[in-house]
Amino acid sequence: MSTANGTNLFPHLWKSVLLTGVLSVVLGVMMLAWPGPTLVVAAIFFGAYLLVTGISQIFHAFTLHISGGGRALLFISGAASLVLAVLAIRHIGDAILLLAIWIGIGFVFRGVATAAAAISDHDTPARGWEILIGIVTLIAGVILLAYPFSSLTTLLYVTGFWLIFVGVMEIIASFGIKKTGNQVRTVISDAIRAGR
């Protein structure tokens, strides 16, 4: 029964990772193309991005078969993303600079959660990519927190490049997850047919 449930999780998991990756790339490209005029729009999109990733991570914290530590980190990361989403949406005008700090914290939590979950679970699909995404996200968060950017344009450029990189990595990882899910379904189907 748990094998079937795990197999049914793959279609949702790869789509969730793909959606997050596409949102990251789109937001990153927008930030690089129009840094000045889209500052407020970027804050709104950050809120939407954090909302989607927060919901996704909380959902996966309860549905993935991972260690307790990985589950706790995914939940904390998802909850932090949801809090950041609310802050981004409610205080767009006054909190853009503060949002930079919150984005950095969110990236650190997300990077640690993603890398720790992939490291602790040897059966994670596209495990190497997930570890790399976690490390890159963690580094992006540390960079955002380490430098109190004197220019919001600099923040937009740096974050835009990081979002594109992380988004591309997530898109690649999503297709790895999809491929692994198809292979698992094929093996299970073959085993069921052989058992008859």
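Which residues of α5 are buried? In the predicted model, the buried residues of this helix are Glu-130, Ile-131, Ile-133, Gly-134, Val-136, Thr-137, Ala-140, Gly-141 and Leu-144. Helix α5 covers residues 127–146, and its length was compared with the expected span. For 20 residues at 1.5 Å a residue, a span of 28 Å is expected, and the end C-alpha atoms are 28 Å apart, so the two values agree.

The overall fold is described next. The chain contains six helices and zero strands, and the order along the sequence is α-α-α-α-α-α. Of the 196 residues in the chain, 43% are buried. Among contacts with a separation of 6 or more, 74% are between residues 24 or more positions apart. The accessible surface of the chain amounts to about 9,900 Å². Carbon and sulfur atoms account for 73% of that surface.

Two salt bridges are present in the structure. One of them joins the side chains of Arg-110 and Glu-170, with an N to O distance of 2.2 Å. This pair links distant parts of the chain, since Arg-110 lies in helix α4 (residues 96–120) and Glu-170 in helix α6 (residues 152–195), 60 residues apart. Arg-110 and Glu-170 are both buried.

The side chains of Arg-193 and Asp-190 also meet in a salt bridge, at 3.1 Å from N to O. Arg-193 and Asp-190 are three residues apart in helix α6, and therefore about one helical turn separates them. Arg-193 has a relative accessible area of 56%, and because the cut-off for an exposed residue is over 50%, Arg-193 is classed as exposed. Asp-190, at 39% relative accessibility, is partly exposed. The Arg-110 and Glu-170 pair, by contrast, is buried at both residues.

A nonpolar patch was identified on the surface, formed by Trp-129, Leu-132, Phe-165, Val-168 and Ile-172. Together these residues have about 370 Å² of accessible area. Helices α5 and α6 are the elements that give two or more residues to the patch. The most is given by α6, with three residues. Leu-132, one of the patch residues, is located in helix α5. The relative accessibility of Leu-132 is 33%, so Leu-132 counts as partly exposed. Helix α5 thus has a residue in the surface patch, Leu-132, as well as buried residues, including Ile-131 and Ile-133.

The surroundings of Ala-85 were also examined. Ala-85 is located in helix α3, which covers residues 68–90. With a relative accessible area of 1%, Ala-85 falls under the 20% cut-off and is therefore buried. Leaving aside residues up to four places away in sequence, Ala-85 touches Gly-47, Leu-50 and Leu-51. The C-alpha atoms of Ala-85 and Tyr-49 are 7.7 Å apart in space, while the two residues are 36 residues apart in sequence.

Technical notes. Residues numbered from 1 in each chain as written. Predicted model: local features only at pLDDT ≥ 70, side-chain atom pairs only at ≥ 80, totals over all residues. Heavy atoms only, no water. Salt bridge = Lys/Arg side-chain N within 4 Å of Asp/Glu carboxyl O. Helix = DSSP H or I, 4+ residues; strand = E, 2+ residues; numbered from the N terminus. Buried < 20%, exposed > 50% of the residue type's maximum accessible area, 1.4 Å probe, protein only. Expected span 1.5 Å × (residues − 1). Patch = residues over 30% accessible without salt bridge, like charges linked within 9 Å, V, L, I, M, F, W, Y side chains within 5 Å. Areas by Shrake-Rupley, 256 points an atom, 1.4 Å probe, with all protein chains shown as cover. Contact = heavy atoms within 4.5 Å.
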